[in-house]
Amino acid sequence: SSAAAAAAIPARRGGFKDSGSVAVGGELPLVAPVPLSSERDFRQEMEVATATLALAPNPDWLGRMAAMTRVEALILGGAVEQFPEAFVEVSRPLTASLSLQFKERRSSITRQACHLIAVLAAVLGPRFEAQAVGILPTLVSQLVITVQIMAETSDACIKEILVRCPTPRVLQYICDATCKEKNPKTRQWCAGYLRLILESWEVGSWGRSLDFVEAAIRFSAQDSLVDTRSAGRSAFAAYCRVIPDRAMAFYSRLEGSLQEKLKTALTGSGGGGGGGG
């Protein structure tokens with residue numbers, strides 16, 4: 001069930017403490033299921049939570065924490081199963097309000113927002129595509145900030161979205177970011193996510209977007225950072241394993257210098273680290 005999927009999202013539980021911009025302990029607040037019997041009540045609850053979150057950044061961060069835990073409580077209480085169409089509808093403005101939580105450098109708020117985004121991705125799956133495409137740029141921007149816990153939390157959230165929402169528009173965003181992001185470290189992360197997609201998604205989820213995949217492999221394999229180039233080779237190796245004929249046709253069209261960079265991937269030895277952590 002959706003409630004079970006939400007409950008399965010990894011989280012350190014036990015209460016939050018954050019008197020400033022740095023959290024202590026890293027826990028998320030305990031959440032008990034809250035069942036609702038009417039769609040009207042559900043919509044009202046979600047409207048209140050969304051409006052509260054839309055005020056960010058504001059001094060009442062505890063109120064915003066409470067709003068996020070209330071939404072999770074409704075999910076655990078079965079709201080997705082009871083009101084499926086309404087839930088998808090209200091999740092759109094909710095996700096937009098969640099993106100505002102990253103405007104302030106408060107680690108507890110970031111962790112809670114990332115956790116709730118991951119819960120939404122888990123319970124909605126591919127129906128979360130539009131919201132995912134809207135929130136991914138904000139999450140990706142967090143990867144290069146200097147507060148390590150916030151960057152790590154955003155990375156984990158992105159990976160959860162990629163696992164739960166394997167859809168064409170999500171793939172296109174990752175490919176475009178791999179090619180076009182100005183920050184070299186951001187491109188490194190995104191090349192790692194591309195590798196993760198090609199290694200873990202069913203080919204049916206990305207097999208119709210090969211032009212985007214090939215462009216991202218081409219760019220990452222020539223990137224200025226060695227880890228990005230390594231991730232590009234690993235992505236190409238995955239491409240070769242899954243769709244060998246198309247991968248070899250792509251390889252044959254590349255200029256000689258780029259073929260040389262990707263050559264090790266043809267023997268399965270492209271390996272290496274990079275991007276997504």
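This is a short tour of the model you have open, one selection at a time.

Before you click on anything, know that this is a predicted model: local features need pLDDT of at least 70, side-chain atom pairs count only at pLDDT 80 or more, and totals for chains, interfaces and linings use all residues. Residues are numbered from 1 along each chain as its sequence is written, and side-chain values use heavy atoms, with hydrogens and water left out.

**The whole chain**

Start with the cartoon view. The protein chain has 15 helices and zero strands. Helices here are DSSP runs of H or I with at least four residues, strands are E runs of at least two, and both are numbered from the N terminus.

Now colour by accessibility. Of the 277 residues in the protein chain, 54% are buried. Buried means under 20% relative accessible area, exposed means over 50%, and partly exposed is what lies in between, using a 1.4 Å probe and protein chains only.

Contacts come next, and a contact means heavy atoms within 4.5 Å. Among contacts in the protein chain with a separation of 6 or more, 73% are between residues 24 or more positions apart.

**Stop 1: helix H5**

Select residues 84-99. That is H5, with 16 residues and 23 Å from its first C-alpha to its last, close to the 22 Å expected at 1.5 Å a residue. The expected span is 1.5 Å times one less than the number of residues.

Zoom in on Ser-91, where H5 bends by about 30°. That bend is the angle between axes fitted to the seven residues ending there and the seven starting there. Pro-93, a proline, follows within four residues.

Show side chains on H5, and you will find Ala-86, Phe-87, Val-88, Val-90 and Leu-94 among its buried residues. What covers them? Turn on the surroundings: the cover on the buried residues of H5 includes H2 (39-53), H3 (61-76), H4 (79-82), H6 (107-124) and H7 (129-142).

**Stop 2: a ring pair between H2 and H5**

Keep Phe-87 on screen and add Phe-42. A search of the whole structure finds seven aromatic pairs. Rings of Phe, Tyr and Trp (its six-membered ring) pair if their centres lie within 6.5 Å; planes under 30 degrees apart count as stacked, over 60 as edge-to-face and the rest as tilted.

Phe-42 and Phe-87 make a stacked pair, at 5.9 Å centre to centre with 20° between the planes. The pair links distant parts of the chain, with Phe-42 in H2 and Phe-87 in H5, 45 residues apart. Both rings belong to buried residues: Phe-42 has a relative accessible area of 0%, and Phe-87 comes in at 1%.

**Stop 3: the loop after H2**

Move along to Pro-57, in the loop between H2 and H3. Check the backbone just before it: the peptide bond from Ala-56 to Pro-57 is cis, with omega near -5°. For context, most peptide bonds are trans.

**Stop 4: Gln-142**

Gln-142 sits in helix H7. Buried or exposed? Gln-142 is buried, with a relative accessible area of 3%. Leaving aside neighbours within four places in sequence, Gln-142 touches Phe-102, Arg-105, Met-150, Ala-151 and Ser-154.

**Stop 5: Arg-195**

Next, select Arg-195 in helix H10 (residues 184-200). This arginine is buried too, at 14% relative accessible area. Draw a distance from its C-alpha to that of Val-213, 18 residues apart along the chain, and you get 10.0 Å.

**Stop 6: helix H14**

Select residues 244-253. In H14, Ala-247, Phe-250 and Tyr-251 are buried. They cover an arc of only 100° around the axis, so they lie on the same side of H14; the arc is that of the directions from the helix axis to the C-beta atoms. Look at the other side for Asp-245, Ser-252 and Arg-253, which are exposed. The buried residues of H14 pack against H12 (210-221), H13 (226-242) and H15 (256-266).

Stay on Phe-250, which counts as buried at 1% relative accessibility. Tyr-239 is buried at 0%. The rings of Tyr-239 and Phe-250 have their centres 6.3 Å apart and their planes at 45°, so the pair is tilted. Tyr-239 is in H13 and Phe-250 in H14, eleven residues apart. Add the rest of the cluster: ring pairs link Trp-206, Phe-236, Tyr-239, Phe-250 and Tyr-251.

**Last stop: cysteines**

Select Cys-165, buried at 0% relative accessibility, and Cys-240, buried at 16%. How many disulfides are there? Counting pairs of cysteine sulfur atoms within 2.5 Å, the total is zero.
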